[in-house]
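Okay, thanks for coming, everyone. I'd like to walk you through one fold today, so let me put it up on the screen.

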Amino acid sequence: MKIALITGATSGIGRATALRLAQDNFNLIVTGRRLTQLEQLKKEVEVKFKKEVHILNFDIRFREQVDSAIDSLPEHWRKIDVLVNNAGLALGLNHLQDGMVEDWEQMIDTNIKGVLYITRKVAPLMIERGGGHIVNIGSTAGTQVYENGNVYCATKHAMHALSQAMRQDMLKHNIRVTEVRPGLLETEFSLVRFKGDKKKAKDTYAGLTPLSAEDIAEVIYFALTRPPHVCINDIEVTPTAQANSYYTNRKV
Ligand code: NDP
Ligand code: 8X3
């Protein structure tokens, strides 16, 4: 049985990935700030798939919390084969000159610094054991900047750079690094971005069929289950009705 640590498993891509991996050969370490959702996920995985789940309830923006969460792992849970760097968010959609500094800081602290903090703690555990696989959830926004997306796009560009950096730095340690870069995908993402405004969140996907969290979970599962000599480096996935960050085919 393998062990996968998935950050941001309380909803969306992280939760769907947990459920997908639990159907196969994985026990799970699941993380996030919302304990109730983590406990529900644990129960669901245990009942449906008879797999073990260890909960780490912390805020990835705070390095002390990340360090003590990983340090708290019992010995047998430290044998982490897979790290899915998924926790992340967008906040706001404004021109830079109208942006909110608190939103910028939360995005930078979560999407960049959080990824660095946890990878810095988990990669050494993989190195000790002679290998592993890191999956980073980037975005189409990680290679193309759209109007009003400024800081969110910058954090996903950072994820794209860090994915390449990790692939080089961990090369000799037999650690595979896969970046998965989704386009429009309906989860709690837009509700969070628009701070609970359901109409704005819904309008993001108007006139097209967006990706689902399960679509991306399936892609992650595919990358993780290639033979050991194969590394899928970078996969961009969009809805059929989206060419890239700029062009969509909406039926409205
Ligand atoms: P969701 O909002 O559904 O999930 C985001 C997850 O991140 C939640 O589990 C949330 O947990 C966790 N998270 C956010 N902030 C923190 C924090 N400070 N500490 C710990 N966990 C945190 O969105 P998605 O599933 O869509 O997003 C997952 C990833 O996919 C993100 O990195 C996002 O940028 C990326 N992405 C999303 C796309 C989309 O259109 N939906 C497209 C491309 C990429 P909790 O709130 O419980 O802490
Ligand atoms: C999420 C996709 O287009 O909202 O990363 O930036 S987008």
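So, to start: how many bridges join strand 5 to strand 6, and in which sense do they run? It's 6 bridges, and the two strands run parallel. Before I go on, the housekeeping. What you see is a predicted model, so local features need pLDDT of at least 70 and side-chain atom pairs count only at pLDDT 80 or more, while totals for chains, interfaces and linings use all residues. Residues are numbered from 1 along each chain as its sequence is written, chains are lettered from A and ligands numbered from 1 in the order in which they are written, and side-chain values use heavy atoms, with hydrogens and water left out.

A few words on vocabulary. When I say helix or strand, I mean DSSP runs, H or I of at least four residues for helices and E of at least two for strands, numbered from the N terminus. Two strands pair if DSSP finds at least two bridges between them.

Now the sheet itself. There are 7 strands in an open sheet, in the order 3-2-1-4-5-6-7, and the pairing is parallel. Strand 3 and strand 7 sit at the edges with a single partner strand each, so one side of each has no neighbour in the sheet. From one strand to the next the twist averages 15 degrees. For angles like the ones coming up, axes are lines fitted to C-alpha atoms, for helices over the stretch in contact, and the angles run from 0 to 180 degrees between N-to-C directions.

Back to strand 5 and strand 6: the bridge partner of Ile134 in strand 6 is Val177, and Val135 stands opposite Thr178. Helix 4, residues 101-129, packs on the sheet and touches strand 1, strand 4, strand 5 and strand 6, where touching or contact means heavy atoms within 4.5 Å. The direction of helix 4 makes about 170 degrees with that of strand 4.

Strand 5, helix 5 and strand 6 make a right-handed β-α-β unit. Right-handed here means that, with the strands pointing away from the viewer, the path from the first strand over the helix to the second runs clockwise. On its other side, strand 6 pairs with strand 7 in the parallel sense over 4 bridges, and Pro182 stands opposite Val237 there.

Is strand 6 buried or exposed? All 8 of its 8 residues are buried, so strand 6 is largely enclosed by the rest of the structure. By buried I mean under 20% relative accessible area, with exposed being over 50% and partly exposed in between, using a 1.4 Å probe and protein chains only. Ile175, Val177, Glu179 and Arg181 point one way, and Arg176, Thr178, Val180 and Pro182 the other. That fits a general pattern: in a regular strand the side chains alternate between the two faces of the sheet.

Over to strand 2, residues 26-32, where 7 of 7 residues are buried. Strand 2 pairs in the parallel sense with strand 1 over 5 bridges, with Phe26 as the bridge partner of Lys2. Another 5 bridges join strand 2 to strand 3, also running parallel, and there Leu28 has Val53 as its bridge partner. We get right-handed β-α-β units here too: strand 1, helix 1 and strand 2 make one, and strand 2, helix 2 and strand 3 make another.

Next, helix 8, residues 213-224. Its 12 residues should span 16 Å, because the expected span is 1.5 Å times one less than the number of residues. The end C-alpha atoms are 17 Å apart, which agrees. The buried residues of helix 8 pack against helix 1 and strands 4, 5, 6 and 7.

Last stop, the loop between strand 5 and helix 5, where Tyr146 lies. What joins the side chains of Tyr146 and Arg193? A polar contact of 3.1 Å, and that term means a pair of N or O atoms within 3.5 Å; within protein, one must be able to donate a hydrogen and the other to accept it, and residues adjacent in sequence count only if both atoms are side-chain atoms. Leaving aside neighbours within four places in sequence, Tyr146 is also in contact with residues including Leu93, Cys153 and Tyr246.

Asn148 lies in that loop between strand 5 and helix 5 as well, and has a positive phi of about 80 degrees although it is not a glycine. At 24% relative accessibility, Asn148 counts as partly exposed.
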